[in-house]
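User: I am new to this structure and would like a close look at one part of it. Please take the charged side-chain pairs as the centre, and then place them among the helices, the core and the cysteines.

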Amino acid sequence: MLVKNKIGFYTATALVIANMIGTGVFTSLGFQTALLPSVTVVLLLWLCGGVIAICGGLSYVELARLFPGSGGEYHYISNTYSINAAKIVGLVSIIAGFSGPVALAGIALGAHVGQLYPHINVKLIAFCAISFVTLFHCFNLKIASGFQLLSTTLKLLLIVIFIICGYFSSVNYLDLSFRETDQKLLISKGFLSSLVYVSFAYSGWNASIYIFNEIDRPVKNIKKSIVWGTLIVTVLYIFLNVIFLKVIPLANTTGVIEIGALAASSIFGTIGGKIASAIISLLLVSTISAMVWTGPRVIDAMLPRLKKKPVPLHAVIIQYGITVLLLFTGTFEHILSYTGVALSLSSCVAVSILFFKHKAVSKLSLLIALIYIFATLWSCYYLIFM
């Protein structure tokens with residue numbers, strides 16, 4: 001919805017949902033089950049990821065209230081710490097928060113197209129998809145917001161249909177029993193390091209804060225969009241993983257990137273699986289679109305000397321160049337690991353600002369911020385050093 005050349009609550013929420021639902025939920029499960037061979041523990045992992053995302057989202061709502069304006073972490077840190085620190089975090093946000101995830105979404109899209117055409121070049125398909133969507137966002141805000149709202153609505157509808165079909169599927173490998181070994185898994189290195197992958201799948205809960213200046217009644221609508229968007233995605237993620245683990249034997253998920261296509265093949269058969277792969281590819285176009293929209297706003301904030309326009313064309317082109325570079329120089333798992341850690345650390349720096357502004361922030365908000373920082377740093381520590 002566009003209100004007086006600004007977007008409203010529904011489009012802002014669609015932007016949050018589209019940023020969150022993408023590569024991670026359809027591709028990262030195989031990395032988690034390799035470390036956590038338990039259906040129950042994996043589902044608890046995704047629930048923990050949702051709680052952490054909500055804590056992070058509420059913390060960013062406070063940051064948006066204290067520091068009105070677009071640009072995300074760069075904007076907040078430049079107003080609290082120093083411009084140099086803001087530039088470092090801004091670069092991390094551009095690369096790890098947007099360019100990296102766009103490259104990952106492109107690779108995942110290519111992998112699902114590869115289910116239809118096995119001999120096709122995955123990265124070439126990714127390059128074509130990213131190029132098309134980037135070109136699309138070189139136009140005006142009305143076209144971009146309309147496409148985002150429509151594509152996200154379609155995405156949610158297709159995911160709900162997928163979940164319902166999986167639920168009524170006769171295939172059932174789901175084992176929700178909680179064993180004694182599962183208790184050890186909950187406090188294991190595998191659980192904590194897997195939490196980074198899951199946090200990456202939830203990343204995007206702060207999408208609407210990057211376009212603060214383009215939102216009608218921004219403080220109110222940003223809060224609503226982040227809370228509702230994150231809650232909706234948390235519920236969908238848990239149900240999606242229940243379906244994945246219901247229709248695919250746990251051992252068969254280990255190390256597999258195309259989890260969505262594999263689950264679809266189990267539910268719908270060979271032909272239906274191919275159709276579902278095509279649908280998942282279309283869903284990832286919506287994810288790419290959302291990040292191509294929000295990411296350049298960080299670059300635009302970092303380049304204040306350039307003339308501001310409704311669509312920051314220069315910033316869109318810069319992000320496109322970084323994305324293509326990552327696409328052709330990194331492997332899927334390496335990009336996923338590095339972007340997950342870098343993005344988590346960057347968000348912790350931003351949330352830490354609330355403790356310097358504690359007089360203007362409630363005790364409950366500070367407690368939520370502390371939970372987010374502690375959980376995020378703990379999982380990053382285990383992934384890097386243990």
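Analyst: What follows goes through the salt bridges and then turns to the parts around them.

The model is a predicted one. Searching the whole structure gives four salt bridges, and three are described here, among them the pair of R297 and E214.

Between R297 and E214, the side chains meet with N and O 2.8 Å apart. This pair links distant parts of the chain, since R297 belongs to helix α13 while E214 sits in the loop between α10 and α11 (218-247), and 83 residues separate them. R297 and E214 are both buried.

The pair of R65 and E62 is a local one within a helix. Their closest N and O atoms are 2.7 Å apart. R65 and E62 are three residues apart in helix α4 (residues 39-66), which means that about one helical turn separates them. An α-helix has 3.6 residues a turn, so residues three or four places apart point the same way. The two partners differ in cover: E62 has 15% relative accessibility and is buried, because the limit for that class is under 20%. R65, at 38%, counts as partly exposed.

A further bridge joins D216 to R217, with 3.7 Å between the closest N and O atoms. That distance counts because the cut-off for a salt bridge is 4 Å. D216 is partly exposed at 21% relative accessibility, whereas R217 is exposed at 51%.

Next come the surroundings, starting with the helix before the loop that holds E214. Helix α10 covers residues 189-202, which makes 14 residues. From first C-alpha to last, α10 reaches 20 Å, close to the 20 Å expected at 1.5 Å a residue. Most of α10 is covered, with 13 of its 14 residues buried. Just after α10 comes G204, whose phi is positive, at about 120 degrees.

Helix α13, which carries R297, also matters for the count of core residues. The largest nonpolar core has 104 residues, and the members that touch the most others are I21, W46, Y202 and Y237. Helix α13 (residues 259-302) supplies the largest share of this core, 17 residues. Y237 shows how these members meet: leaving out residues up to four places away in sequence, Y237 touches M20, I21, G22, V25, W46, A201 and Y202.

Another helix, α7, spans residues 122-136 and contains T134. T134 is buried, at 7% relative accessible area. A polar atom of the T134 side chain lies 2.7 Å from the backbone oxygen of I130. Beyond its neighbours within four places in sequence, T134 is in contact with V292, V316 and Y320.

Last are the cysteines. A disulfide is a covalent bond between the sulfur atoms of two cysteines. How many disulfides does the model hold? The count is zero. For C128, the nearest cysteine sulfur is that of C138, 16 Å away, and C128 is in no disulfide. C138 is likewise in no disulfide, with the sulfur of C128 as its nearest at 16 Å. The pair is ruled out because the two sulfur atoms would have to lie within 2.5 Å. Both cysteines are partly exposed: C128 has 43% relative accessibility, and C138 has a relative accessible area of 26%.

Technical notes
Residues numbered from 1 in each chain as written. Predicted model: local features only at pLDDT ≥ 70, side-chain atom pairs only at ≥ 80, totals over all residues. Heavy atoms only, no water. Buried < 20%, exposed > 50% of the residue type's maximum accessible area, 1.4 Å probe, protein only. Helix = DSSP H or I, 4+ residues; strand = E, 2+ residues; numbered from the N terminus. Polar contact = N/O pair within 3.5 Å; in protein donor to acceptor, adjacent residues only side chain to side chain. Contact = heavy atoms within 4.5 Å. Expected span 1.5 Å × (residues − 1). Core = buried A, V, L, I, M, F, W, Y, C linked by side-chain atoms within 4.5 Å.
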